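Reader: I am new to this structure and would be grateful for a close look at a single part of it. Please begin with one residue and then set it in its surroundings.

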Amino acid sequence: MTIWVGSPERICTGDEAVQAILRQNDACYYNPAVGVVQVDMARWRQAQEYEKRGWLQCWNGDTNDRCDEHARNFMNYVALKKDLGRVMEVGCGPFTQLQRIIDGRTATHITLIDPLLKHYLQLRYCPYKTGKFKNLPTLLRTKMAEQITDIELYDTVICINVLEHVLNARKVLEVLWMALKRGGTLVLGERTYDEFDPMKLYDVGHPIHIRRTVLDNFRRRFSTTLYSNNDYTISQK
Ligand SMILES: C[S@@+](CC[C@H](N)C(=O)[O-])C[C@H]1O[C@@H](n2cnc3c(N)ncnc32)[C@H](O)[C@@H]1O
């Protein structure tokens, strides 16, 4: 089946999608060995327009982005310690996954990063709209993950459902690694696409489609796997 997604409201399948995908597709970014790991700035901006329009206009009554589903896939984050220490959530979105992860846990400091963060502050159910997350010391950064230069600063780094949206997935993985302290914990939940065919799927909001090998190679750097369930892993540096 061919699927073409042009905006939150424009989704087509069948013959219409076949025609649309001939006109607009991501084939120029595709590498059969690794999938689509990187796009250009113009393509990334289109994806961000979709994301912004989606959250601010179409789904603005939502209170979370599939928190229950992710928690189930991480077995309710049982592998995580009670004290998360200094935490960074990359691509935190309007609601964060931390709002679920922190249940029954503590943290000393929270850093939330997302290129659309300043827009999300206007959403009614944004948990950091006051500038603080759960009354903890909080730093809000409207920034792309690729621009983070923090080195060994965080005890816990969270990245869930972000890589499909970024400019350069390999660069973001590198940033996650650099930002984690030795002995720190990475909570990584990202889809992989071994079957991706750019002439069968175009989704304006999801420019990146990495093959599993990209994440497998990355995860090999970590000293310990604390939890693993297909695309959901918790690893210790
Ligand atoms: C589907 S949302 C998921 C949000 C959050 N991780 C969650 O699961 O609730 C993807 C988020 O990634 C963000 N994003 C896109 N490109 C990014 C980049 N280069 N660096 C960091 N975040 C990015 C988007 O702005 C969006 O908020």
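**Thr-138 and the sheet around it**

Author: Thr-138 is a residue of strand β6. The model is a predicted one. With a relative accessibility of 19%, Thr-138 counts as buried, because the term applies to values under 20%. Its side chain takes part in two polar contacts with the backbone. A polar atom of the Thr-138 side chain lies 2.9 Å from the backbone nitrogen of Phe-133. The backbone oxygen of Leu-136 is 2.6 Å from a polar atom of the Thr-138 side chain. If residues up to four places away in sequence are left aside, Thr-138 touches His-109, Ile-110, Gly-131, Lys-132 and Phe-133.

The strand that holds Thr-138 belongs to a wider sheet. Seven strands make up this open sheet, following the order β6-β5-β4-β7-β8-β12-β11, with mixed pairing. Strand β6, residues 138–141, is an edge strand, and so is β11, residues 224–229; each of them pairs on one side only. From one strand to the next, the twist averages 10 degrees.

Further along the order, strand β7, residues 154–160, runs parallel to β8 and is joined to β8 by six bridges. Within this pair, Tyr-154 stands opposite Leu-180 of β8. Helix α6 packs on the sheet, where α6 touches β4 (86–90), β7 and β8; the direction of α6 makes about 140 degrees with that of β8.

Helix α6 itself deserves attention. At its start, a side-chain oxygen of Asn-168 comes to within 3.2 Å of the backbone nitrogen of Arg-170. The buried residues in α6 are Ala-169, Val-172, Leu-173, Val-175, Leu-176, Trp-177 and Ala-179. Among the elements that cover these buried residues of α6 are β4, β7, β8, β10 and α7.

The last of these neighbours, helix α7, spans residues 212–219, and its buried residues are Val-214, Leu-215, Phe-218 and Arg-219. These four lie on the same side of α7, because they cover an arc of only 125 degrees around the axis. The buried residues of α7 pack against α6 (169–179), β8 (180–189), β10 (209–210) and β12 (232–236). Strands β8 and β12 also belong to the seven-stranded sheet.

The ligand may be considered next. It is surrounded by 20 residues, of which the closest are Gly-91, Asp-114, Tyr-120, Glu-146 and Ile-160. Of these, Tyr-120 has a polar side-chain atom 2.6 Å from an oxygen atom of the ligand. In the side chain of Gln-48, an N or O atom is 3.0 Å from an oxygen atom of the ligand. For Trp-44, a polar side-chain atom lies 3.1 Å from a nitrogen atom of the ligand.

Finally, there is strand pairing elsewhere in the chain. Strand β1, residues 3–7, and strand β2, residues 10–13, pair in the antiparallel sense over four bridges. A hairpin leads from β1 to β2 through two residues, and Trp-4 stands opposite Cys-12 in β2. Strand β1 also pairs with strand β9, residues 201–203, in the parallel sense over three bridges. One of the bridge partners in that pair is Leu-201 of β9, which faces Ile-3.

Conventions:
Residues are numbered from 1 along each chain as its sequence is written. This is a predicted model: local features need pLDDT of at least 70, side-chain atom pairs count only at pLDDT 80 or more; totals for chains, interfaces and linings use all residues. Side-chain values use heavy atoms; hydrogens and water are left out. Buried means under 20% relative accessible area, exposed over 50%, partly exposed in between (1.4 Å probe, protein chains only). The arc is that of the directions from the helix axis to the C-beta atoms. Contact means heavy atoms within 4.5 Å. Two strands pair if DSSP finds at least two bridges between them. Axes are lines fitted to C-alpha atoms, for helices over the stretch in contact, and angles run from 0 to 180 degrees between N-to-C directions. A residue is near a molecule or strand if one of its heavy atoms lies within 4 Å of it. A polar contact is a pair of N or O atoms within 3.5 Å; within protein, one must be able to donate a hydrogen and the other to accept it, and residues adjacent in sequence count only if both atoms are side-chain atoms.
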